[in-house]
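Biologist: Could you take me through one part of this structure slowly, as you would for someone in their first year? I would like to look at a single strand and the strands it pairs with.

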Amino acid sequence: MASWHESAHAVYTRVLAHALGCLGDATVWDAPFSHTYFEGFFPADVYDALLNHLPPADRYWAGPQDPNTRYQGRTLYNLTASGVRGFPARSRNLWRGVVAALTDPELKRCLYARLAPDLIHRFGGEEAAVPHLAGFSRPTLYRDSEAFAIPPHPDTLKKVVTMHLYLPADVSQLHLGTALYARPSDRPQMDEPQRSFTVVKQFEFRPNSGYAFVVNNSGLRESWHGREPIPAGSGVRHTLLNTFYIEPRRDYSGYLED
């Protein structure tokens with residue numbers, strides 16, 4: 001496996017500029033809630049290198065156990081500063097630069113500005129203030145295996161914006177994208193069968209693509225999304241969640257510090 005020779009700071013600068021351009025050009029939809037889907041998020045050479053330098057499967061962990069076992073088949077790798085330092089020397093600068101870009105406040109401000117309507121719905125205020133709302137990203141790698149599923153859910157209000165980056169090697173997994181849902185006006189409960197919901201859109205699981213939406217659960221705006229069971233023979237679904245939370249968490253900063 002080839003080593004990455006570019007410095008962490010150079011990767012950070014290049015990835016951040018590229019990602020800002022990608023988000024700035026991305027289409028934004030208002031229904032069923034504010035969301036965007038984008039392609040070419042990383043520079044092509046960086047994307048290829050990330051796929052070649054993912055942690056081995058045994059470095060991922062199962063995470064908190066859900067009593068409903070709805071997350072069975074999912075493991076994760078937290079991209080904290082200490083987690084990134086755990087990468088081999090040949091790829092450490094690559095990941096340090098990439099995660100520094102993902103956690104940069106300028107990326108948050110750009111994304112928030114694109115999704116302003118639903119942020120105003122949730123928090124109030126004027127559009128000019130939206131990019132300055134709280135948001136602290138916690139980038140995390142995920143491996144989802146066959147039979148993994150997440151029923152429709154709006155996400156916890158501890159989150160402000162959910163951003164999900166797709167990491168397939170090719171277009172053979174297009175059917176593995178996340179779906180956005182609407183539910184009837186009589187508001188069935190979350191534990192009712194998934195058939196109570198209507199699929200409004202399903203993102204294609206394309207290489208170097210992703211989506212983002214504002215987390216809302218107000219009745220008037222509800223960010224319902226999920227994933228039906230991954231079919232047999234589909235292989236592992238690799239993704240990177242770069243979700244923005246209201247509160248910061250220790251160790252998701254300082255990626256460029258020596």
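**Strand β2 and its partners**

Modeller: Happy to! Let's begin with one pair of residues: tryptophan 29 has histidine 35, in β2, as its bridge partner. This is a predicted model, in which local features need pLDDT of at least 70 and side-chain atom pairs count only at pLDDT 80 or more, while totals for chains, interfaces and linings use all residues. Residues are numbered from 1 along each chain as its sequence is written, and side-chain values use heavy atoms, with hydrogens and water left out.

Strands here are DSSP runs (E, at least two residues), numbered from the N terminus, and two of them pair if DSSP finds at least two bridges between them. Strand β1 covers residues 27-29, and its pairing with β2 is antiparallel, over 3 bridges. Follow the chain from β1 to β2 and you pass through a hairpin of 5 residues.

Now turn to another partner of β2. Strand β9, residues 209-214, also pairs with β2 in the antiparallel sense, this time over 5 bridges. To find this pairing on your screen, pick phenylalanine 38: its bridge partner in β9 is glycine 210.

How many of the 5 residues of β2 are buried? Buried means under 20% relative accessible area, with exposed being over 50% and partly exposed in between (1.4 Å probe, protein chains only). In β2, residues 35-39, 4 of the 5 residues are buried, so this strand is largely enclosed by the rest of the structure.

How values were computed. Helix = DSSP H or I, 4+ residues; strand = E, 2+ residues; numbered from the N terminus.
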